[in-house]
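Q: Please take a close look at the salt bridges in this model. Describe where the partners sit, how far each is covered, and what lies around them.

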Amino acid sequence: MKAATTALSLLVAAPSAFAHGAGYEAVDNAPVEVLRFAYTAGQAMDGAAVRVLEPGTERLYQVGRTDRDGRFAFVPDQPGEWIVEADDGQGHKLRATVGVGVATATDQPDTVSVPPGLLLGALIASLLLNAGLLSALLARKKRAPRSRAEP
C-alpha cells in the first residue's frame, strides 16, 4: 500500500516538476537605448540609481542601476521623449531626455551639474579640516619630549 501511495504521488508531482523553468534568448535588432552617466572628469557614475519615465506622462516605466562603466539600457515600447534620471546618492543628479522616433530639441548629452554652494561648502570644509590636522600635528611635535643620548 505504501509503495502504491508513493508511486501515485510521483505521478501527480512529476508534471509540475517539469512545468516551471527558465531560459534566455538573444534579441537581435532590439531598439535598445543605452546611456552612459559620468562625472565631468569622465569617471563613470557606477551603481547610480536610474529611473525611466514614459513620454508625456512621466509615469515610472523602469528602475535600475548603472553598471561599473556608468551604462544603463532600456527598451522603449513607444515613440516619444523619454526621461531618464540618474542619482548617485551623493548629490549628483542627472535628467536626460531620450528621443525615440521623434526629433529632439538637442542632441547634446546632459552634463553633471553640482550646485555652486555645494562645491564652495566642500572646499571650505576641506580647508578647515586640513588646517585643523596641520595644527594638531604641529602641536604634537611641540609637546613630544626629545630624548637625548646620555654619555
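A: From the N terminus to the C terminus, the protein chain runs α-β-β-β-β-β-β-α, giving 2 helices and 6 strands. Both kinds of element are DSSP runs numbered from the N terminus, with at least four residues for a helix (H or I) and at least two for a strand (E). The model is predicted, so local features need pLDDT of at least 70 and side-chain atom pairs count only at pLDDT 80 or more, while totals for chains, interfaces and linings use all residues. Residues are numbered from 1 along each chain as its sequence is written, and side-chain values use heavy atoms, with hydrogens and water left out.

Some totals give the setting. The protein chain has 151 residues, of which 19% count as buried (buried is under 20% relative accessible area, exposed is over 50%, partly exposed is in between, with a 1.4 Å probe and protein chains only). About 12,000 Å² of the protein chain is exposed, and carbon and sulfur atoms supply 58% of that area; the method is Shrake-Rupley with a 1.4 Å probe, and for residues only the protein chains shown count as cover. Among contacts with a separation of 6 or more, 44% are between residues 24 or more positions apart, contact meaning heavy atoms within 4.5 Å.

Now the charged pairs. The whole structure holds 7 salt bridges, each being a side-chain nitrogen of Lys or Arg within 4 Å of a carboxyl oxygen of Asp or Glu. One of them pairs Glu 85 with Arg 51, with 3.1 Å between the closest N and O atoms. Because Glu 85 is in strand E5 and Arg 51 in strand E2, this pair ties together parts that are 34 residues apart in sequence. The two partners differ in cover: Glu 85 is buried at 18% relative accessibility, whereas Arg 51 is partly exposed at 39%.

This pair belongs to a network of salt bridges that links Arg 51, Glu 58, Glu 85 and Arg 95. Glu 58 is in the loop between E2 and E3, and Glu 58 is partly exposed, with a relative accessible area of 45%. The backbone at Glu 58 has a positive phi of about 55°, although the residue is not a glycine. For background, most residues other than glycine have a negative phi.

Arg 71 takes part in two further pairings. With Asp 67, the N to O distance is 3.0 Å; with Asp 69, the closest N and O atoms are 3.2 Å apart. Every member of this group is partly exposed: Arg 71 has a relative accessible area of 41%, Asp 67 has 29%, and Asp 69 has 35%.

The loop that carries Glu 58 also carries Glu 54, between strand E2 (49-53) and strand E3 (60-65). Glu 54 counts as buried at 10% relative accessibility. A 2.7 Å polar contact connects the side chains of Glu 54 and Arg 59 (N or O atoms within 3.5 Å; within protein, one must be able to donate a hydrogen and the other to accept it, and residues adjacent in sequence count only if both atoms are side-chain atoms). Beyond four places in sequence, the contacts of Glu 54 are Arg 59, Tyr 61, Gln 78 and Trp 82.

The nonpolar side of the picture involves some of these strands too. The largest nonpolar core has 15 residues, and those with the most contacts inside it are Leu 35, Phe 37, Phe 74 and Val 84. Such a core is a set of buried Ala, Val, Leu, Ile, Met, Phe, Trp, Tyr and Cys residues joined through side-chain atoms within 4.5 Å. Elements giving two or more residues to this core are E2, strand E4 (71-74), strand E5 (80-87) and strand E6 (93-100); E6 gives the most, with 4 residues. Phe 37 touches residues including Met 45, Val 50, Phe 72, Val 84, Ala 86 and Leu 94, when residues up to four places away are not counted.

Finally, past the strands, Pro 115 is placed in the loop between E6 and H2 and is partly exposed, at 45% relative accessible area. The C-alpha atoms of Pro 115 and Gly 91 are 8.9 Å apart, with their positions 24 residues apart along the chain.
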